[in-house]
Structures are given as structure tokens and as C-alpha cells.
Amino acid sequence: MRAIQVYEVGGPEVLREAEVDQPRPGPGEAVVEVAASGVNFLDVYYREGRYSLPLPFTPGSEGAGTVVEVGPGVADVAVGDRVGWVETPGSYAERAVVDSSRLVPLPDDIDFETAAAVLLQGMTAHYLVKDAYPVQAGDTVLVHAAAGGMGLLLTQLITHLGGRVIGTTSTTAKAELAKRAGAAEVILSSAVDDLAAEVRRLNGGQGLPVVFDGVGAHTFDASLASLRTRGHLVLFGAASGAVPPFDPIRLAQGGSLTLIRPSLGDYIADRFELLRRAADVFEWVRSKALEVSVTGRYALSEAARAHSDLEARRTTGKLLLIPGAAAVGRREETQS
């Protein structure tokens, strides 16, 4: 079968399409024919070596498809089931082996592309606004990269919960997307000299109770400076690079601030929690509280281009790899 292989860590060019052996399931495992695979910054972190996997490996941590084979002892799914999954490397392929306990059955009204587009980021948004910082009606919240796949979902959910979103984007076109998702105010990050001062101006001169920051190095200082006394910085990603080491006394000097660096895996550690969060996400999609925006579809052979587009911030919404897609004509242009 065809799969993307990483033989050495590095830039997008290390993503190479190759012919590999058909996977076989071991005890407790299932083989899934992949209909769609989500493209996420988590995949970039593995490709770069920021998170490590034994080489060579097939990247891709989110997907959806149909179970075609099960191994001994599998009781959670059966051949023919439509399923989705997250946090399992190997999705950039025509078939993937997944621990059956990590597979999420798909409702009949959730198609493969929607599942592959919403599960990882949707459940991430779920734990961020429900657990990492429980958003309350009336909260004003800063969301960085508000027009990205994660930012759009967060903006919609915070608005759904009664919060007010101040978003940051890099272009006016992206600002319009963030506003359509519910952002009350949008700051063009390239157009202001002091981002935190602009955030406070838009909040009546006050700091915020919480900042959701998936950008990392480029926004960390401004995020801390945007918080009120006893405010919370939820640092859930590092799209611009890892935050350099810093002295924790800065948190005290900023007003007894709290910093959390959460990871989805710890919030879906058992199957009950996994299925509960997935069910909530599907219900939000069903009720239109979340509208999933797939703006880029790439063939497996275009995985390197998908990563380049994602890292260069040339896209909005969600990017997918479609193993059965032709290598041309699948990407919707979202150039800024």
C-alpha cells in the first residue's frame, strides 16, 4: 500500500511517499482503510523531531475510515464499522493499524471528512474550554490565530458558551473569517506595536481572565501581558516554535498568574472520557454550534505541500489528506 514515510526528521521535504507492506492487526488492534486524515501541527512536531518516534515512521495522528480487519480479542469494533481516531501515529497512509480501544464509532450523520477534520481539534477545544479553563458567560477571552483550524473552533465554542472573543490574525481576510466565527474583535498582529496594550484597550483597559495560545514563541510574552491579576495562560501549542525557558517569578510579578501546558492525551486517557468528549463534539457539529471548515484537500503525494502551507500560514480552516485523491485539483486556494 501507499504511505508517507519519514526516514529522517526535518522540514516538509522529509515526507516521502513509499510502497510499504500491508499492515496486519495484533491483539486488540484493528486495521482501518483510511478515507481521510487530518493535517495538524502535532504532525509537524513529530516530523521535526520535537516529539520523537522511532525512524522510519508514518506520520498522521488523526483520521477516519472503515474497519477492514480486527485482531484477536477485539470487542470494541467490528469489520465494516465506520470509525475515527486521534493521537495514533500512522494515518498518512491508505491503511492504518489502531488500538481498537482508541477508535470512536461514527454516527450515521457524521461523514469521514467531517470526522477527520473535527475529532482532534474538536476534542482539544472541548477540554480547553471545559477543563483547562472553564469558560463562563461574560468572560472576555483572547484566542491567537483565530482563523486557523483550531482558532475557528475555539472561537465558535467560546461564543456558544457566552464568552466574548478577541482574536488575532495575520491578514484582513482571516480577520473576516474569525468575525464570522463569532469573534467580537480581531487584531491584526502585524499592524500593532504592542499587542497586549491593544488587547487591554479593547477590554476597557482591563486584563483578561484567560488567553488560549497555540502559537507559542511569538505570542507568549504578549499573552502573559494581556492577563489580569490571577489570570490564566493556556498554552496548548507551539506553531511558531517552542517557548524559551523563563523564570517562573514572572508569573508572580504579572499578578499571580497561572500557566498550564496541557495535552489532549491526558484528557482522553480512558475510553469513557474519549467517547464522552467525541459525543459532545459530534452533537456540537449536529446542532451547528461548531461549523467545520475544510479548506484544503491533498493527495498523499502532496503531504509535503500540505505541511508547507500549514506552517507558512497560507491556509485557514482544516487541511485533510485524502488517500484516494488525485494529485492535482484538490486544494482550495486560501492564500493570504
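**Figure 1. Lining of the largest cavity in the predicted model.** In this predicted model, helix α3 supplies the largest share of the lining of the largest cavity, namely four residues. The elements that give two or more residues to this lining are α2, spanning 112-132, and α3, spanning 149-160. The lining consists of A117, Q121, G149, L152, L153, Q156, E291, V292, S293, G317 and K318. By class, four of these residues are nonpolar, five are polar and two are charged. The space enclosed amounts to about 70 Å³.

**Figure 2. The second largest cavity.** A count of cavities of 30 Å³ or more gives two. The second largest cavity has a volume of about 30 Å³. Its lining is formed by D43, Y46, L53, P59, G60, S61 and P89. These residues divide into four nonpolar, two polar and one charged.

**Figure 3. The largest pocket.** The largest pocket holds about 900 Å³ of space. Its lining comprises 48 residues, and those nearest the centre of the pocket are F41, Y45, M150, G214 and F236. Two or more lining residues come from each of α1 (41-48), α2, α3, β9 (164-169), α9 (303-311) and β15 (318-321). Sorted by class, the lining has 22 nonpolar, 20 polar and six charged residues.

**Figure 4. The second largest pocket.** A volume of about 180 Å³ belongs to the second largest pocket. The residues that line this pocket are L152, Q156, L177, R180, A181, E291 and S293. Helices α3 and α4 (172-180) are the elements that give two or more residues to the lining. Three of the lining residues are nonpolar, two are polar and two are charged. L152, Q156, E291 and S293 line this pocket and also appear in the lining of the largest cavity.

**Figure 5. The largest nonpolar core.** The largest nonpolar core has 54 residues, of which M123, L128, L154, I158, F212, F282 and L290 touch the most other members. The elements that give two or more residues to this core are α1, α2, β8 (140-143), α3, α4, β11 (208-213) and α8 (271-286). Helix α2 makes the greatest contribution, with 12 residues.

**Figure 6. Surroundings of L154, and a separate core.** When residues up to four places away in sequence are set aside, L154 touches A125, L128, V129, V143, F212 and F236. Of these neighbours, L128 and F212 are, like L154 itself, among the residues that touch the most other members of the largest nonpolar core. F236 also lies among the residues nearest the centre of the largest pocket. Apart from the largest nonpolar core lies another core of 16 residues, including V199, L202, F220 and L227.

**Figure 7. The chain as the setting for the close-up views.** The chain contains nine helices and 15 strands. Its C-alpha atoms fill a box of roughly 60 × 40 × 35 Å along the principal axes. A compact globule of 336 residues would have a radius of gyration near 20 Å, and the chain agrees with this expectation because its own value is 20 Å. Of the 336 residues, 54% are buried. Among contacts with a separation of 6 or more, 68% join residues 24 or more positions apart.

Notes
Residues are numbered from 1 along each chain as its sequence is written. This is a predicted model: local features need pLDDT of at least 70, side-chain atom pairs count only at pLDDT 80 or more; totals for chains, interfaces and linings use all residues. Side-chain values use heavy atoms; hydrogens and water are left out. On a 1 Å grid over the protein atoms alone, a cavity is a set of points where a 1.4 Å probe fits but cannot get out, and a pocket is an open set with protein on both sides within 12 Å along at least five of seven lines; lining residues have an atom within 4 Å of a point. Grid points are joined across faces, edges and corners, and a volume is the space filled by probe spheres set on the points. Ala, Val, Leu, Ile, Met, Phe, Trp, Tyr, Cys and Pro count as nonpolar, Asp, Glu, Lys and Arg as charged, and the others, Gly among them, as polar. A nonpolar core is a set of buried Ala, Val, Leu, Ile, Met, Phe, Trp, Tyr and Cys residues joined through side-chain atoms within 4.5 Å. Buried means under 20% relative accessible area, exposed over 50%, partly exposed in between (1.4 Å probe, protein chains only). Contact means heavy atoms within 4.5 Å. The radius of gyration is taken over C-alpha atoms; the globule rule is 2.2 Å times the number of residues to the power 0.38.
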